[in-house]
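Dear colleague,

I am handing over the structure below, and after it I set out what was found. Please read the notes with the structure open beside you.

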Amino acid sequence: MAQRSSHSTARHAVIRLVEGIDGQADLDVEFRPVVDFARGVARLDLIDDVVHTNAGADLRSTIPFTVDGDRARARVTVRKGERHLIVIGRYAGRAFARAEDLLRVTRAFCTAWSDYCGYTRTVGRTCVTRP
């Protein structure tokens, strides 16, 4: 039997790290998955701080979410030094447990890729972060 790569959950998850660098900022997050190529809305259930869907992607976060119909919402004030993870995917629980490691792998890949391609440091940075 073939063994899966230790990073296989990364292909099935979107991982976002929100980090307070200076001061503070209010952050509103909305999760509204759809089914059938956006012809239908997903059913959402909040169980043990995880937003489960019938759309194939669950949401797990360090930010508490509430479910209202077909949307899950969260609001948090991010202060200097705070870090919050948001993971969406088929295996959100597994990816959430390894999120920091998966982000390190992504950063290393993007750095190597941008160095190989000869792009500037700024382009390599945008592979991992958004201004």
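I begin with a single residue: Ile 21 is exposed, with a relative accessible area of 63%, and its place is the loop between β1 and β2. Although Ile 21 and Arg 83 are separated by 62 residues in sequence, their C-alpha atoms are 9.4 Å apart in space. Please keep in mind throughout that this is a predicted model, and that the values below were computed from it.

As for the chain as a whole, there are three helices and 10 strands, and reading along the sequence gives the pattern β-β-β-β-β-β-β-β-β-β-α-α-α. The chain has 131 residues, of which 30% count as buried, and its accessible surface comes to about 9200 Å², with 51% of that belonging to carbon and sulfur atoms. If one takes the contacts between residues at least 6 apart in sequence, 62% of them join residues that are at least 24 apart.

One open sheet is built from five strands, which follow the order β1-β10-β7-β6-β5 with antiparallel pairing. The edges of this sheet are taken by β1 (13-19) and β5 (44-47), and because each of these has a single partner strand, one side of each is left without a neighbour in the sheet. On average, and with direction ignored, neighbouring strands here are turned by 15° against each other. Within the sheet, strand β7 (residues 58-61) and strand β10 (residues 83-89) run antiparallel and are joined by four bridges; Leu 59, for its part, stands opposite Ile 88 in β10.

Packed on this five-stranded sheet is helix α2 (residues 99-117), which touches β1 and β10 and whose direction makes about 95° with that of β1. The helix has 19 residues and spans 27 Å from its first C-alpha to its last, which is close to the 27 Å expected at 1.5 Å a residue. Which residues of α2 are buried? They are Ala 99, Leu 102, Leu 103, Cys 110 and Ser 114, and since they cover an arc of only 100° around the axis, they fall on the same side of α2. The other side of the helix carries the exposed residues Arg 104, Phe 109, Asp 115 and Tyr 116.

A further open sheet has three strands in the order β2-β9-β8, again with antiparallel pairing. Here the edge positions belong to β2 (24-31) and β8 (66-68), each of which has a single partner strand, so that one side of each is left without a neighbour in the sheet. Neighbouring strands of this three-stranded sheet are turned by 25° against each other on average, direction ignored. Eight bridges pair β2 with strand β9 (residues 71-79) in the antiparallel sense, and among the paired residues Gln 24 has Arg 79 of β9 as its bridge partner.

Three more residues deserve a look of their own, and I take Ala 92 before the other two. Ala 92 sits in helix α1 (residues 92-97). Is Ala 92 buried or exposed? With a relative accessibility of 2%, Ala 92 counts as buried, because the cut-off for buried is under 20%. Leaving aside residues up to four places away in sequence, Ala 92 touches Asp 58, Leu 59, Arg 60 and Val 87. Ala 92 and Val 14 are 78 residues apart in sequence, yet the distance between them in space is 8.5 Å, C-alpha to C-alpha.

The remaining two residues concern backbone angles, for which it helps to recall that most residues other than glycine have a negative phi. Phe 37, which is not a glycine, has a positive phi of about 55°; it lies in the loop between β3 (34-35) and β4 (40-41), and it is exposed, with a relative accessible area of 79%. Ala 38 lies in the loop between β3 and β4 as well, and its phi is near 70°, a positive value in a residue other than glycine. At 55% relative accessibility, Ala 38 counts as exposed, because the cut-off for exposed is over 50%.

With kind regards

Definitions and conventions. Residues are numbered from 1 along each chain as its sequence is written. This is a predicted model: local features need pLDDT of at least 70, side-chain atom pairs count only at pLDDT 80 or more; totals for chains, interfaces and linings use all residues. Side-chain values use heavy atoms; hydrogens and water are left out. Two strands pair if DSSP finds at least two bridges between them. Axes are lines fitted to C-alpha atoms, for helices over the stretch in contact, and angles run from 0 to 180 degrees between N-to-C directions. Contact means heavy atoms within 4.5 Å. The expected span of a helix is 1.5 Å times one less than its number of residues. Buried means under 20% relative accessible area, exposed over 50%, partly exposed in between (1.4 Å probe, protein chains only). The arc is that of the directions from the helix axis to the C-beta atoms. Accessible areas come from the Shrake-Rupley method with a 1.4 Å probe; for residues, only the protein chains shown count as cover.
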